[in-house]
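Got the model open in your viewer? Let's take a walk through it, one selection at a time.

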Amino acid sequence: MRIAGQISIDDIPKICPLLSRTANPQYGEHGTRVVNVAGVRFGGERPVVIGGPCAVESHAQTVGLAHAVKRAGADMLRGGAYKPRTSPHDFQGSGLEGLCILSIARAETGLPIVTEVMDPRMVAEVAEVADMLQVGSRNMHNYSLLAEVGRARKPILLKRGMSASLCEWLGAAEYIAKQGNIDIVLCERGIRGFPSGEYSRYVLDLNVIPAAKMLTFLPVVVDPSHATGVSAMVEPASRAALEMGSDGLLIEVADLTLGEPKCDGLQAIDAATLARIVLFAHEKRGVRSQESEARRKPSPLQV
Ligand code: PEP
Ligand code: MN
């Protein structure tokens with residue numbers, strides 16, 4: 001039976017001619033496009049680790065955490081100045097002041113910044129400060145926002161919609177690419193499914209990492225913080241994601257001595273845990289170069 005609107009991964013070259021692996025044979029079977037964010041290379045020789053608060057709350061909180069993230073050895077700073085919250089009565093982020101704080105944090109630490117933009121009308125303003133624009137899970141289907149960030153000429157971190165199929169996620173990336181911007185990093189952040197919400201926030205879909213890499217040449221990273229919602233699960237989930245081939249991690253960090261964060265405190269890890277994750281990620285460097293070396297050599301079966 002044929003159903004209107006039904007798509008499968010066989011349709012990906014048609015849905016995503018700009019981003020599919022088969023429509024872009026220059027990337028070969030395993031090649032990843034390196035997305036360079038102010039010198040940080042996603043899809044390069046080692047995984048990228050991004051750490052920082054869920055939301056930018058104050059100068060002391062964010063700049064303090066930026067220094068801790070830097071000392072832990074991470075590559076980039078995250079932090080939302082604009083927050084998509086379930087209730088409109090909850091803290092919505094500190095807006096322009098938050099963007100200013102992020103640029104101070106970058107000036108002090110040298111860490112490039114990724115921050116979320118939620119509204120097409122705000123893209124230019126956020127892009128003035130951000131080194132990388134984040135499109136959040138709730139906005140992955142917002143096609144006018146996707147087109148606008150595609151025109152912003154900044155690398156994009158595109159989170160997977162919490163109920164999005166792989167085809168829908170790649171289709172969303174194609175909207176950005178259609179504007180001429182293929183500096184896109186895909187971010188798996190957990191999907192809704194049975195039994196999300198009982199013992200973890202979402203279901204971390206590790207299988208999607210190799211699946212996405214088979215279909216596209218874009219780098220893929222994982223956000224273990226929103227996927228699990230439980231700080232004790234973040235470190236093992238990070239290791240698992242790296243084992244499955246993730247090109248990096250996006251992790252929420254908090255300094256609990258400053259008090260409870262305004263959002264997502266239960267999933268935030270401390271800087272010492274982040275440092276252990278960074279060490280693990282850096283060990284993957286050797287593994288990766290051995291893997292790509294092995295791919296370059298013809299296998300005994302091919303000789
Ligand atoms: C975030 O990373 O700040 C965030 C809100 O995540 P998500 O869009 O995945 O819910
Ligand atoms: Mn958060």
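Start by selecting S137 and ligand 1: a polar backbone atom of S137 sits 2.8 Å from an oxygen atom of the ligand. Keep in mind as you go that this is a predicted model.

Leave ligand 1 on screen and add R138, where a polar side-chain atom lies 2.8 Å from a ligand oxygen. Then bring in K159, which also places a polar side-chain atom 2.8 Å from an oxygen atom of ligand 1. Now switch on a surface: of the 290 Å² of accessible area that ligand 1 has on its own, the protein covers 96%.

Next, show the whole shell. Around ligand 1 you'll find R78, K83, E116, Q134, G136, S137, R138, K159, R189 and H226. Colour that shell by class and you get 6 charged residues, 4 polar ones and no nonpolar ones. If you have pockets displayed, the space taken by ligand 1 is the second largest pocket.

Hang on to H226, since it takes you to the next stop. Which protein atoms serve as donors to the manganese ion, ligand 2? They are NE2 of H226, SG of C54, an OE atom of E252 and an OD atom of D264, lying 2.0 to 2.4 Å from the ion. Along the sequence, the spacing of these donor residues reads C-x171-H-x25-E-x11-D. Pick out C54 and D264 and you have a link between distant parts of the chain, 210 residues apart. C54 is in the loop between strand 3 (48-52) and helix 2 (59-71), while D264 is in the loop between strand 10 (248-252) and helix 10 (271-296).

Two backbone stops to finish. Select F194 and P195, which are joined by a cis peptide bond with omega at about 0°. P195 belongs to the loop between strand 8 (184-188) and helix 7 (208-215).

Last, jump to A38, in the loop between strand 1 (35-37) and strand 2 (40-42). Check its phi: the angle is positive, about 45°, although A38 is not a glycine.

Terms used:
Residues are numbered from 1 along each chain as its sequence is written. Chains are lettered from A and ligands numbered from 1 in the order in which they are written. This is a predicted model: local features need pLDDT of at least 70, side-chain atom pairs count only at pLDDT 80 or more; totals for chains, interfaces and linings use all residues. Side-chain values use heavy atoms; hydrogens and water are left out. A residue is near a molecule or strand if one of its heavy atoms lies within 4 Å of it. A polar contact is a pair of N or O atoms within 3.5 Å; within protein, one must be able to donate a hydrogen and the other to accept it, and residues adjacent in sequence count only if both atoms are side-chain atoms. Accessible areas come from the Shrake-Rupley method with a 1.4 Å probe; for residues, only the protein chains shown count as cover. On a 1 Å grid over the protein atoms alone, a cavity is a set of points where a 1.4 Å probe fits but cannot get out, and a pocket is an open set with protein on both sides within 12 Å along at least five of seven lines; lining residues have an atom within 4 Å of a point. A molecule sits in a cavity or pocket if more than half of its atoms lie within 2 Å of its grid points. Ala, Val, Leu, Ile, Met, Phe, Trp, Tyr, Cys and Pro count as nonpolar, Asp, Glu, Lys and Arg as charged, and the others, Gly among them, as polar. Donors are N, O and S atoms within 2.8 Å of the metal (3.2 Å for Na, K and Ca); water is not among the atoms, so sites may look incomplete. Helices (H or I, at least four residues) and strands (E, at least two) are DSSP runs, numbered from the N terminus.
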